[in-house]
Amino acid sequence: MNNEKIYVVVPVYNVEPYLERCIDSILNQTYQDFELILVDDGSPDNCPAICDRYAAEHKNITVIHQENGGLSAARNAGIDYAFKNGNPEQDWINFIDSDDFVHPKYLEYLYRAAKETGVEISSCGFTRTASQNIASADIGAFEFENLTPEEYWHKRRINATVAWGKLYRLILFKSIKYPVGKIHEDTFTTWKLMFQCSEITSTEDRLYCYYINPESITASTWTPHRMAVLDALKEQIDFFDRNGYLKARKPIIEFLFWTSIKQLMLIKGLSPKYDSHIPEIKKWRKYAFTLYSQEFGLIRTVAYLFNIRIIDPAKHILRNESVFSFMKRKIKKKLHIK
């Protein structure tokens, strides 16, 4: 009999149209030795009642009701429950966002990969979808590869950031929690878990379905809370510098530079609403400019800045149209010429 358990943590807040689909996809797993922890984070809709109904119908579902504290607080509540009720040295934990859903072999493949390789984190691929349908089609043969954290960082950049799509040995969270009150919480956290490990196993099978939800936090309009990602990226760079992960720091320096430029452009686009944050963002951009130019050279840095600020916006406006054609069309429109 298997003595190891997987705790599947699903934070729940204001996702009534999607919650049943998410829960059903988890209950439909080919691997069944798991406990589903639904953390109702003070949801104002019918989600708490949906959670309680599923828990009444399924012995392996536990519901935690708490006041709204955000995604980090909800995930932390699930972690605390797993530590209290499980064996951190041998059990596992997994996170699924409540508007997403998973392939029936999601847990089976993640668990098999971890056990067959002896690692403490296993990871799968994902697909972005606007579909309402649960993934049920066959996937490829069960294949995986072991990577060092730094190799994984390069080959699986998005996977290396997000909390979901992974199976973690519970003990990795002994001294790590998600930062309450911040968005981009996984940018603060996932890398800390990864770099505790000597290796991570990864399959490219797309077992996790990331639902493109226009109402999600990451899809919402810019607010000052989004500046938190800059602190998270600096934490990563400082860690890589201290520990000699010179290859790992390069993409983060580039992302920090890109993010500081983009955030400044967004703030100016919303002017004057957030003008008070412009000096701070400019300091971040200057800091990122210095790091990027030291890493890649001044010429490439200036070219990169020009592309983001001028070329990319122009491409967005022009799409597949030439500058001459664009100007000609605009002049004709202005002069009412057909």
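This is a short chat about helix H4 and a few backbone features in a predicted model.

Student: Let's start with H4. Which residues does it cover, and how far does it reach?
Tutor: Helix H4 runs over residues 106-117, 12 residues in total. From its first C-alpha to its last it reaches 17 Å, close to the expected 16 Å.

Student: Which of its residues are buried?
Tutor: Tyr 106, Leu 107, Glu 108, Tyr 109, Leu 110 and Tyr 111 are buried, and so are Ala 113 and Ala 114.

Student: And what comes just after H4?
Tutor: Gly 118 does, and its phi is positive, about 75°.

Student: Switching topic: which residues other than glycine have a positive phi?
Tutor: Asn 14 is one of them, with phi near 55°. His 184 is another, at about 60°.

Student: Where does Asn 14 sit?
Tutor: In the loop between strand S1 (6-12) and helix H1 (16-27).

Student: Why does Asn 14 count as partly exposed?
Tutor: Because its relative accessibility is 43%, and partly exposed covers the range between 20% and 50%.

Student: Okay, and where is His 184?
Tutor: His 184 is in the loop between strand S8 (166-169) and helix H6 (185-194). At 22% relative accessibility, His 184 counts as partly exposed, because buried would need a value under 20%.

Student: One last thing: which peptide bond is cis, the one at Pro 272?
Tutor: Yes, the bond from Ser 271 to Pro 272, with omega near 10°. Pro 272 lies in the loop between helix H8 (246-269) and helix H9 (278-296).

Note on methods: Residues are numbered from 1 along each chain as its sequence is written. This is a predicted model: local features need pLDDT of at least 70, side-chain atom pairs count only at pLDDT 80 or more; totals for chains, interfaces and linings use all residues. Side-chain values use heavy atoms; hydrogens and water are left out. Helices (H or I, at least four residues) and strands (E, at least two) are DSSP runs, numbered from the N terminus. The expected span of a helix is 1.5 Å times one less than its number of residues. Buried means under 20% relative accessible area, exposed over 50%, partly exposed in between (1.4 Å probe, protein chains only).
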